[in-house]
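Please take a moment with the sequence and the structure below, and then follow the paragraphs with the model open beside you. The walk begins at a pocket, moves to the interior and ends in the loops.

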Amino acid sequence: MNPPTNNLEGLVKNTPVGGSNGTDFEFQRPNPVRTIELWWGVGTDIEDAIVLRGLRVSWVNETESASVGSHDSGLSHTIINFSDGERVTQMTIRAGWRADKISFHTNKNFDYEAGGEGGEPYEQEVGNGTLLGFWGASGKDIDRLGAIFQDK
């Protein structure tokens, strides 16, 4: 499935997919994303569903990072570091009541994924492949999530 996309101001803002709860967030900078940290585990008030629970993003040439959701030590956790010139060639977010999983492939032939297998797959439009951030909503879980890329 492909959700609607907003192409504004040289950006590709994929419509966030998932549930309707949570507090809205938007993490976006003019510099490319350098690091993505993800936490996942059994969702809050959802029995036996593995969902994305936390997200932290940092950017090239910036010391500041932004984060939402839960970052508990008991959750599964991964850190994804982009190398110079690395671009996303394909990204999918699985979502149902929450954002369940994110997976993507890069031009340097790396595959990354985090989260559970629930929900439906939503392909993200990747523009020129330069990931600039994410938007969506969260509470203790990542309720909905969409990627923001630089347009072609």
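The largest pocket in this predicted model has a volume of about 170 Å³. It is lined by 14 residues, and those closest to its centre are Pro-32, Val-33, Ser-83, Gly-85 and Glu-86. If you sort the lining of the largest pocket by class, you will find six nonpolar, four polar and four charged residues.

Before going inward, it helps to see how the chain is annotated. The UniProt record, an unreviewed entry, places the feature "domain: Jacalin-type lectin" at residues 11–151. In the model, this span of residues 11–151 is 61% strand and 0% helix, and the C-alpha atoms at its two ends lie 5 Å apart.

Which residues touch the most other members of the largest nonpolar core? The core has 33 residues, and the ones with the most such contacts are Ile-36, Leu-38, Leu-52, Leu-55, Phe-104, Phe-134 and Leu-145. Phe-104 is a good place to pause: leaving aside residues up to four places away in sequence, Phe-104 touches Ile-36, Ile-80, Phe-82, Val-88, Gln-90, Met-91, Phe-110, Asp-111 and Tyr-112.

One of these partners of Phe-104 is Val-88, which is found in strand β9, covering residues 88–95. Is Val-88 buried or exposed? Because its relative accessible area is 3%, and buried means under 20%, Val-88 counts as buried. Its contacts, again not counting residues up to four places away in sequence, are Phe-82, Phe-104, His-105, Thr-106, Val-126, Gly-129 and Phe-149. Val-88 and Lys-108, which are 20 residues apart in sequence, have C-alpha atoms 8.9 Å apart in space.

A second residue to follow is Trp-40, which is found in strand β5. Its relative accessibility is 17%, so Trp-40 also falls under the 20% limit and counts as buried. Beyond residues up to four places away in sequence, Trp-40 touches Ile-50, Val-51, Leu-52, Arg-53, Leu-75, Ser-76, His-77, Thr-78, Ala-114 and Gly-115. From C-alpha to C-alpha, Trp-40 and Ser-70 are 8.6 Å apart, although 30 residues separate them in sequence.

The loops offer another view of the chain. Gly-74 is found in the loop between β7 (65–69) and β8 (76–81), and because its relative accessible area of 75% is over the 50% limit, Gly-74 is exposed. The C-alpha atoms of Gly-74 and Val-51, which are 23 residues apart along the chain, are separated by 14 Å.

Two further loop residues deserve a look at their backbone angles. Most residues other than glycine have a negative phi. Asp-48, however, has a positive phi of about 60° although it is not a glycine, and its place is in the loop between β5 (33–42) and β6 (50–59). At 74% relative accessibility, Asp-48 counts as exposed. Asn-109, likewise a residue other than glycine, has a positive phi near 65°, and it lies in the loop between β10 (99–106) and β11 (111–115). With a relative accessibility of 60%, Asn-109 counts as exposed.

Technical notes:
Residues numbered from 1 in each chain as written. Predicted model: local features only at pLDDT ≥ 70, side-chain atom pairs only at ≥ 80, totals over all residues. Heavy atoms only, no water. 1 Å grid on protein atoms, 1.4 Å probe; cavity = no way out; pocket = protein on both sides within 12 Å on 5 of 7 lines; lining within 4 Å. Points joined across faces, edges and corners; volume = space filled by probe spheres on them. Nonpolar A, V, L, I, M, F, W, Y, C, P; charged D, E, K, R; others polar. Core = buried A, V, L, I, M, F, W, Y, C linked by side-chain atoms within 4.5 Å. Buried < 20%, exposed > 50% of the residue type's maximum accessible area, 1.4 Å probe, protein only. Contact = heavy atoms within 4.5 Å. UniProt positions renumbered as here; feature names shortened; annotations may be inferred. Helix = DSSP H or I, 4+ residues; strand = E, 2+ residues; numbered from the N terminus.
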